[in-house]
Amino acid sequence: MKGDRVEIVVDAGDTTRTYEVVAGRAGRRVETAVRRGVVEVSEVTRNGAVVRTARFMATRVLALVEQPVPREDSSERPLREDPKA
């Protein structure tokens, strides 16, 4: 969903650096994966095509913060009281 965001905090020697990967358009999402010592954060389209990818060594990643956009599903909507009752 547009607005999904992942922040990656990386150890850069004597300081830390923060990177962000954001789903910039409607219908896109951000996916994370950890494979063989590498953290990958990708912006993906509805069809599953990767738009861009950020890769970091897992030993250097200090924090990986996923901040999804709140989704409004029919199952999560509060029940309305009947005004006639």
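Is D11 buried, exposed or partly exposed? In this predicted model, D11 has a relative accessible area of 27% and is therefore partly exposed. The side chain of D11 meets that of R60 in a salt bridge, with an N to O distance of 3.4 Å. Since D11 belongs to strand β1 whereas R60 sits in the loop between β5 and β6 (61–67), this salt bridge ties together parts of the chain that are 49 residues apart in sequence. R60 likewise counts as partly exposed, at 39% relative accessibility.

The structure holds 8 salt bridges, among them the one between the side chains of E20 and R5, for which the N to O distance is 3.3 Å. This pair links distant parts of the chain, with E20 placed in strand β2 and R5 in strand β1, 15 residues apart. E20 is partly exposed, its relative accessible area being 41%, and R5 is also partly exposed, with a value of 29%. A further salt bridge is formed by E40 and R55, whose closest N and O atoms are 2.9 Å apart. Here too distant parts of the chain are linked, E40 being located in strand β4 and R55 in strand β5, 15 residues apart. The two partners fall into separate accessibility classes, because E40, with a relative accessible area of 18%, is buried, while R55, at 57% relative accessibility, counts as exposed. In addition, salt bridges that share partners join R5, E7 and E20 into one network.

A search of the whole structure for aromatic pairs returns 1 such pair. The ring centres of Y19 and F56 are 5.2 Å apart and the ring planes stand at 40°, so the pair is classed as tilted. Because Y19 lies in strand β2 (residues 16–22) and F56 in strand β5 (residues 50–57), the pair ties together parts that are 37 residues apart in sequence. Y19 is partly exposed, with a relative accessible area of 35%, whereas F56, at 13% relative accessibility, counts as buried. When residues up to four places away in sequence are not counted, F56 touches I8, V10, Y19, G37, V38, V39 and V61.

F56 is also one of the 11 residues of the largest nonpolar core, which comprises V6, I8, V10, V21, A23, V30, V39, V41, A54, F56 and V61. Strands β1 (5–11), β4 (38–44) and β5 each supply at least two residues of this core, and β1 gives the most to it, with 3 residues. Another member of the core, V61, is found in strand β6 and is buried, with a relative accessible area of 18%. The C-alpha atoms of V61 and I8 are separated by 7.1 Å, although these residues are 53 residues apart along the chain. Leaving aside neighbours within four places in sequence, V61 is in contact with I8, V9, V39 and F56.

Strand β4, which contains E40 and supplies at least two residues of the core, has 6 of its 7 residues buried, so this strand is largely enclosed by the rest of the structure. Strand β4 pairs with β3 (residues 29–35) in the antiparallel sense over 7 bridges, and the bridge partner of V34 in β4 is V39, a residue that also belongs to the largest nonpolar core. In the hairpin formed by β3 and β4, there are 2 residues between the strands, and R36 adopts a positive phi near 50°. Strand β4 is likewise joined to β5 by 7 bridges, the two strands running antiparallel, and V44 has V50 as its bridge partner in β5. The hairpin of β4 and β5 has 5 residues between the strands, with G48 in the turn showing a positive phi of about 95°.

Methods: Residues numbered from 1 in each chain as written. Predicted model: local features only at pLDDT ≥ 70, side-chain atom pairs only at ≥ 80, totals over all residues. Heavy atoms only, no water. Phe/Tyr/Trp six-rings, centres within 6.5 Å; stacked < 30°, edge-to-face > 60°. Helix = DSSP H or I, 4+ residues; strand = E, 2+ residues; numbered from the N terminus. Buried < 20%, exposed > 50% of the residue type's maximum accessible area, 1.4 Å probe, protein only. Core = buried A, V, L, I, M, F, W, Y, C linked by side-chain atoms within 4.5 Å. Contact = heavy atoms within 4.5 Å. Salt bridge = Lys/Arg side-chain N within 4 Å of Asp/Glu carboxyl O. Pairing = 2+ DSSP bridges.
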